[in-house]
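This report walks through a protein model one region at a time, beginning with a loop and ending with the way the parts of the chain meet. Please keep the sequence and the structure at hand while reading.

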Amino acid sequence: MIDVYFWMTPNGYKVTILLEELGLPYRAVPVHIGKGEQFTPDFLRISPNGKIPAIVDTDGPGGAPLALFESGAILIYLADKAGGPLLPADPRRRYDVLQWLMFQMGGIGPMLGQAHHFRRYAPEPIPYAVDRYTREATRLYGVLEERLGETEYLAGDYSIADIAVFPWIRPYRWQGQDLVDYPNIRRWYDAIKARPAVERGLAVLSERLERNKRKPEGEAWNTLFGQGGKRPPADDPQNRSVGASDDA
Ligand SMILES: N[C@@H](CCC(=O)N[C@@H](CS)C(=O)NCC(=O)O)C(=O)O
């Protein structure tokens with residue numbers, strides 16, 4: 001059995017969509033990140049960075065349990081476990097998938113996340129941050145648009161790279177984007193959205209979605225973006241005097 005430590009966010013959906021595509025049995029374990037459940041000692045043992053998603057596969061390599069965090073590593077592990085075209089074994093095709101997966105992990109996720117944050121969640125408007133991350137989001141959408149003008153899916157055939165990027169495009173409006181400007185992304189997006197496995201993956205724990213309260217506020221905001229959910233380290237570098245070096 002695969003336990004998926006999950007909340008209804010783009011990084012969480014990558015894993016449930018893939019598991020649905022692969023038809024592997026799993027159980028979604030809710031980790032309410034607005035309430036700080038990502039900082040409990042039990043969860044930190046599985047996911048030391050204190051973020052979802054994470055998995056525990058009771059039937060890991062060699063039959064022993066395996067715990068994994070970081071969505072990119074989880075997608076690679078699950079696709080390899082099941083085998084098949086979502087992460088091909090052929091080296092050229094495999095590295096093509098992996099480079100687009102890493103493009104998601106290093107670019108799409110962090111940058112679109114910052115655009116979303118400064119446009120929607122920042123307590124006061126910060127024009128420099130809004131401009132910087134919206135411009136970077138627009139640039140990244142341009143990269144996707146060009147690629148999807150050349151190939152049907154990011155790495156040719158549908159793969160874990162598409163599964164990683166798709167949930168990040170869903171909130172495109174909050175990233176200052178409009179899909180009418182990107183016909184190739186629109187085509188790709190609609191094709192993925194129509195897949196029954198994707199629909200099932202997006203429905204996981206949907207009963208916990210508070211439709212009108214998807215924007216974290218109050219305690220939830222403090223937990224996610226302040227220090228409300230996690231103790232700062234005892235030796236918090238921010239408390240050191242400016243210019244002090246580590247060995248001073
Ligand atoms: N690089 C990580 C990012 C994970 C991540 O940022 N997860 C968010 C939800 S999408 C989270 O758990 N946030 C809670 C927090 O930051 O306290 C991955 O891809 O797994």
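In this predicted model, Met8 sits in the loop that links β1 to α1. Is Met8 buried or exposed? Met8 counts as buried, because 21 other C-beta atoms lie within 10 Å, and a residue needs 20 or more such neighbours to be classed in that way. Once neighbours within four places in sequence are set aside, the residues in contact with Met8 are Leu205, Arg208 and Leu209. With Leu209, Met8 forms a pair that is 201 residues apart in sequence, yet the two C-alpha atoms are 7.4 Å apart in space.

Leu205, one of those contacts of Met8, is placed in the loop between α8 (196-203) and α9. Leu205 counts as partly exposed because it has 14 C-beta neighbours inside 10 Å.

**Strands**

The strand that precedes the loop of Met8 is β1, which is mostly covered, with four of its five residues buried. Strand β1 (residues 2-6) is joined to β3 by four bridges, and the two run antiparallel, with Ile55 of β3 as the bridge partner of Val4. β1 is also joined to strand β2 (residues 26-30), here by five bridges and in the parallel sense, and in this pairing Tyr5 stands opposite Val29 of β2. β3 in turn pairs with β4 over four bridges, in the antiparallel sense, where Ile55 has Leu68 as its bridge partner in β4. Ile55 is thus the bridge partner of Val4 as well as of Leu68.

**Backbone angles worth checking**

Most residues other than glycine have a negative phi, and most peptide bonds are trans. The table gathers places in the model where the backbone angles deserve a look.

| Site | Angle | Location |
|---|---|---|
| Glu70 | phi about 75 degrees | loop between β4 and α3 |
| Leu205 | phi near 55 degrees | loop between α8 (196-203) and α9 |
| Gly83 | phi near 70 degrees | follows α3 |
| Ile52 and Pro53 | omega about 0 degrees | Pro53 in the loop between α2 (41-46) and β3 |

Glu70 has a positive phi although it is not a glycine, and the positive phi of Leu205 likewise belongs to a residue other than glycine. Glu70 is partly exposed, because 15 other C-beta atoms lie within 10 Å. The peptide bond that joins Ile52 and Pro53 is cis.

**Helices α3 and α7**

How far apart are the end C-alpha atoms of α3? They are 16 Å apart, and this agrees with the 16 Å that the twelve residues of α3 should span at 1.5 Å a residue. The buried residues of α3 are Ser71, Ile74, Leu75, Leu78 and Ala79. These residues lie on the same side of α3, because they cover an arc of only 120 degrees around the axis. An α-helix has 3.6 residues a turn, so residues three or four places apart point the same way. The cover over the buried residues of α3 includes α1, β3 (54-57), β4 (66-69), α4 (91-121) and α6 (160-169).

In helix α7 (residues 183-193), the buried residues are Ile185, Trp188 and Tyr189. They cover an arc of only 100 degrees around the axis, which means that they lie on the same side of α7. Pro183 and Asp190, on the other side of α7, are exposed. The buried residues of α7 pack against α5 (127-150) and α6.

**Two domains and their contact**

The protein is divided into domain 1, which comprises 2-83 + 199-225, and domain 2, which comprises 91-194. Taken over C-alpha atoms, the centres of domain 1 and domain 2 are separated by 20 Å. To the contact, domain 1 gives 15 residues and domain 2 gives eleven residues. On the side of domain 1 that touches domain 2, the elements that give two or more residues are α1 (10-22), α3 (71-82) and α9 (219-225). α1 provides the largest share of this side of domain 1, with seven residues. Sorted by class, the side of domain 1 that touches domain 2 has nine nonpolar, three polar and three charged residues.

Terms used
Residues numbered from 1 in each chain as written. Predicted model: local features only at pLDDT ≥ 70, side-chain atom pairs only at ≥ 80, totals over all residues. Domains from an automatic or database assignment. Contact = placed C-beta atoms within 7 Å. Nonpolar A, V, L, I, M, F, W, Y, C, P; charged D, E, K, R; others polar. Expected span 1.5 Å × (residues − 1). Buried ≥ 20, exposed ≤ 12 C-beta atoms within 10 Å, placed from the backbone. Arc of directions from axis to C-beta. Pairing = 2+ DSSP bridges.
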